[in-house]
Amino acid sequence: MSTARVALVTGSNKGIGFAVVRSLCKQFTGDVYLTARDPELGVAAVQSLQSEGLNPLFHQLDINDINSVRKVRDFMKEKYGGLDVLVNNAGIAFKVVEDTTPFGIQADVTLRTNFFATREICNELLPIIKPHGRVVNVSSLCSSMALKKCSPDLQAKFTSDTITEDELVKLMEKFVEDAKSGVHVQQGWPEWGYGVSKIGVTVLSRIQARRLKEERPQDRILLNACCPGWVRTDMAGPKATKSPDEGAITLVYLALLSAEADEPHGQFVIDKKVQNW
């Protein structure tokens with residue numbers, strides 16, 4: 001088993017994830033894994049960074065495929081005894097204006113990846129996070145914006161300090177059901193699948209952080225959600241204000257919090273600053 005420290009970034013063959021791998025290769029003392037669904041795209045991304053003099057490693061990972069997730073888990077456990085840094089960056093978004101896909105399908109597909117698959121990978125990988133490990137769940141300012149568009153009842157549920165993971169999952173499932181039935185607005189939801197999916201990620205992060213503090217206090221693992229900002233990627237388009245490298249800054253900051261740090265933990269962070277949720 002290798003004694004090296006190890007970092008893993010999901011969905012990192014392009015965009016913000018790629019920029020996070022680049023930055024970690026320069027700053028993290030240990031092995032850095034770039035991941036992608038498509039091995040060809042992943043290997044090409046690794047070669048691109050190698051041409052810059054960096055040395056990322058590659059592992060195939062499709063967060064929507066539980067077998068793929070478990071292969072990564074088993075590999076990390078066997079080779080490194082666990083994970084030191086996990087950056088959950090993989091996500092999708094429909095083009096709100098241009099895309100004509102029915103809203104119910106958009107809601108289903110978006111939440112399946114952004115919330116349910118992110119939750120699945122956390123369920124598999126959080127148990128192998130080593131002491132002083134760092135976990136970064138990529139959410140979005142859209143989560144705060146979408147929360148404000150929810151009914152007062154839903155807002156109260158999502159901001160509760162005692163909400164459980166099961167309760168959150170039921171709320172996310174209900175949104176998808178309501179969207180498919182065309183009654184989501186009447187039920188207090190916004191017309192915004194991506195925003196709701198990121199509410200799920202932010203709230204899930206708070207729940208996970210609370211559980212880590214209760215179950216593994218001595219390990220001092222720090223887990224946070226963050227927003228990279230409006231970044232020029234395939235998802236956000238060319239008019240966005242930040243480059244991918246600028247978008248990666250907060251993610252890398254949270255991934256590299258010192259071993260002595262006790263906070264932030266269970267927070268929502270933008271531009272390296274904790275935001276009210």
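**View 1. Eight strands form an open sheet of mixed pairing**. The strand order is E3-E2-E1-E4-E5-E6-E7-E8. Strands pair when DSSP finds at least two bridges between them. Strands (E, at least two residues) and helices (H or I, at least four) are DSSP runs numbered from the N terminus. E3 and E8 (273–275) are the edge strands, each with a single partner, so one side of each lacks a neighbour in the sheet. On average, neighbouring strands are turned by 30° against each other, direction ignored. This is a predicted model: local features need pLDDT of at least 70, side-chain atom pairs pLDDT 80 or more, while totals for chains, interfaces and linings use all residues. Numbering starts from 1 along each chain as its sequence is written, and side-chain values use heavy atoms, without hydrogens and water.

**View 2. Strands E6 and E7 run parallel**. Three bridges join E6 (residues 222–227) to E7 (residues 268–270). Ala-225 stands opposite Phe-268 in E7.

**View 3. Helix H3 has a buried face**. Ser-68, Val-69, Val-72, Met-76 and Tyr-80 are buried (under 20% relative accessible area, 1.4 Å probe, protein chains only). Seen down the axis of H3, the directions from the axis to the C-beta atoms of its buried residues fall within an arc of 105°, so these residues line one face. On the other side, Asn-67, Lys-71 and Glu-78 are exposed (over 50%).

**View 4. The two ends of H3**. At the start, a side-chain oxygen of Asp-65 comes within 3.0 Å of the backbone nitrogen of Asn-67. Gly-81 follows H3, with a positive phi near 75°.

Technical notes:
Polar contact = N/O pair within 3.5 Å; in protein donor to acceptor, adjacent residues only side chain to side chain. Axes fitted to C-alpha atoms, helices over the stretch in contact; angles between N-to-C directions.
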